[in-house]
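I opened this one with a cup of coffee and a plain wish to see how its strands and its core fit together. Here are my notes, in the order I looked things up.

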Amino acid sequence: MENNSRRGFMGIAFGAVAGIGAVGSLYAMKKSWDPLPSVKAAGFTTLDMTIYNENELVVEKWRGKPIFVLKKTADMVAKQDDDMKARDIVVDGSHYMVCIGLCTHLGCIPAYNADNEGFVCACHGGEFDYAGFVRKSPPGRGFDIPPFTIKGTTLVLGEAGPEFTDMKANAVTL
Ligand code: FES
């Protein structure tokens, strides 16, 4: 009897300690997953546009979505038609494609091929050019451009500046 209640007490004590430990680790894990309060509250991502290399795709993140950043070479800029130029984001004289990196067909993440300056979506074979236009269906429209504003040599995603507002007005992006 005495043994039983002692075992019961030990069990409760051990359970309580283990419980506190589990809550503590869950709290620590959650803290490490959470974005910084300022970023979370504002929903902005600021990109330093001076760090990118020409014709090298970098995938950034904004509001949980992949963001394709592609700095264009002078040759890529020169051979663009007017529709492609309309999608350029120009920061400090350099031209970039900055798009949400999700295929507009069913949302896969296409891969960039620097040799043919285009994207291929492995899911159903869709292709996009380096301005984000569809080269080959099934995608029905080009990559979407996230709201952005240009501040010096940085690009702030999540804030609609005049260049983005113009793009929307001209149906360059959704
Ligand atoms: Fe990209 Fe279907 S999801 S082609």
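**Entry 1: strand 11 and its partners.** I began with strand 1 (residues 45-48), which pairs with strand 11 in the antiparallel sense over 4 bridges. For strands I took DSSP runs of E, at least two residues long, and for helices runs of H or I of at least four, all numbered from the N terminus. Two strands count as paired if DSSP finds at least two bridges between them. I looked up D48 and found T154 as its bridge partner in strand 11.

This is a predicted model, so I note that local features need pLDDT of at least 70 and side-chain atom pairs count only at pLDDT 80 or more, while totals for chains, interfaces and linings use all residues. Residues are numbered from 1 along each chain as its sequence is written.

Next came strand 10 (residues 148-151), which is also antiparallel to strand 11, again over 4 bridges. F148 stands opposite L157 there. Strands 10 and 11 make a hairpin with 2 residues between them, and G152 in the turn has a positive phi of about 65°.

**Entry 2: which side chains of strand 11 are buried?** I found L155 and L157 buried and pointing to one face, with T154 and V156 pointing to the other and not buried. Buried means 20 or more other C-beta atoms within 10 Å of a residue's own; exposed means 12 or fewer, partly exposed is in between, and the C-beta atoms are placed from the backbone. In a regular strand the side chains alternate between the two faces of the sheet.

**Entry 3: the core.** The largest nonpolar core holds 29 residues, and F68, M97 and V98 have the most contacts inside it. Such a core is a set of buried Ala, Val, Leu, Ile, Met, Phe, Trp, Tyr and Cys residues joined through C-beta atoms within 7 Å. Strand 3 (65-71), strand 5 (94-100), strand 11 (154-157) and helix 5 (162-169) each give two or more residues to this core. Strand 5 supplies the largest share, 5 residues.

I then listed what V98 touches, leaving out residues up to four places away in sequence: I67, F68, V69, I89, I145, F148 and L155. Contact here means C-beta atoms, placed from the backbone, within 7 Å.

**Entry 4: the open sheet.** I traced 4 strands in the order 2-3-5-4, with antiparallel pairing. Strand 2 (58-62) and strand 4 (89-91) are the edges, each pairing on one side only. Strand 4 joins strand 5 through 3 bridges, and V91 stands opposite S94.

How values were computed:
Contact = placed C-beta atoms within 7 Å.
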